[in-house]
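Student: I have some labels to check before I use them. Can we go through what earns each one?

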Amino acid sequence: MALIKGHRFPVEFGEAFPRGLVMVGEIEPDLEYQSQEDRARGKEQRQRIDDITKLRQWRATVTDPDEAKAKRASFEVIFTAEVQPAPLPDEVLPGMRPIELVGVTASPKVMGQGEFKYLGYEYRATGVKAPNGAPRPPAAAGARGQGDSVKQGEQKAG
């Protein structure tokens, strides 16, 4: 049996990211492209929907401290969930949080441009949480299932 284009292979978070990930900024809705004409007409911008899960897509920028090539260290993560994922507020620097993805999958993808193409991976996940062993902030301890948040996605150049 042949694999269909876009097949997502399950992978352990620690195997894909041995030193973890750091989220830079916040998780935002992943919006469809909107032309200047549509903006001028006041047409509302729509949020993307994942083709496979049929859930809303959200995105965030993350950095992989284990990546040797600086240009490939930061990439966009795509989360899929009906509700916007909310990571714990344990910032290590302003706007930077260590995170761990739950339910990670990887899909091979050609990346780069022109003669500088390479094989990379698009990563997705079903959730985001604080890394194993990370101290949980007191405010989050009683709320929302010990700080676990909701749903899926991610992209990484490999």
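Tutor: We take the labels one at a time, beginning with a single residue and ending with the core.

Tutor: Keep in mind that this is a predicted model.

Student: What makes the phi of K54 worth a remark?

Tutor: Most residues other than glycine have a negative phi. K54 is not a glycine, and its phi is positive, about 65°.

Student: Where does K54 lie?

Tutor: In the loop between α2 (36–41) and β3 (57–63).

Student: Why is K54 called buried or exposed?

Tutor: The relative accessible area of K54 is 55%. Exposed means over 50%. So K54 is exposed.

Student: Which residues does K54 touch, leaving out those up to four places away in sequence?

Tutor: I49 and E82. The cut-off for a contact is heavy atoms within 4.5 Å. K54 and E82 are 28 residues apart in sequence, with their C-alpha atoms 9.3 Å apart. The C-alpha distance is not what the cut-off tests; heavy atoms are.

Student: What polar atom pair links D51 and K54?

Tutor: The backbone oxygen of D51 and a polar atom of the K54 side chain, 2.7 Å apart. The distance limit for a polar contact is 3.5 Å, so 2.7 Å is within it.

Student: Now the strands. How do you know that β1 and β6 pair?

Tutor: Pairing needs at least two bridges. β1 (residues 9–10) and β6 (residues 105–111) have two, in the antiparallel sense. So they meet the requirement. F9 has A106 as its bridge partner in β6.

Student: What does β6 do with β7?

Tutor: β6 and β7 (residues 118–125) pair in the antiparallel sense over seven bridges. P108 is bridged to Y121 in β7. The two strands form a hairpin, with six residues between them. G112, in the turn, has a positive phi of about 90°.

Student: Which strands pair with β5 (residues 96–102)?

Tutor: β2 (residues 21–29) pairs with β5 over four bridges, antiparallel. There, M23 has R97 as its partner. β8 (residues 127–129) also pairs with β5 in the antiparallel sense, over three bridges. V102 is matched with G127 in β8.

Student: Last one. Which residues touch the most other members of the largest nonpolar core?

Tutor: F17, L21, V62, F79, I99 and L101, out of 20 residues in that core. At least two residues come from each of α1 (13–16), β2, β3, β4 (74–80), β5 and β7.

Student: What lets L21 count as buried?

Tutor: L21 is a member of that core. Members must be buried, which means under 20% relative accessible area.

Methods:
Residues numbered from 1 in each chain as written. Predicted model: local features only at pLDDT ≥ 70, side-chain atom pairs only at ≥ 80, totals over all residues. Heavy atoms only, no water. Buried < 20%, exposed > 50% of the residue type's maximum accessible area, 1.4 Å probe, protein only. Core = buried A, V, L, I, M, F, W, Y, C linked by side-chain atoms within 4.5 Å. Polar contact = N/O pair within 3.5 Å; in protein donor to acceptor, adjacent residues only side chain to side chain.
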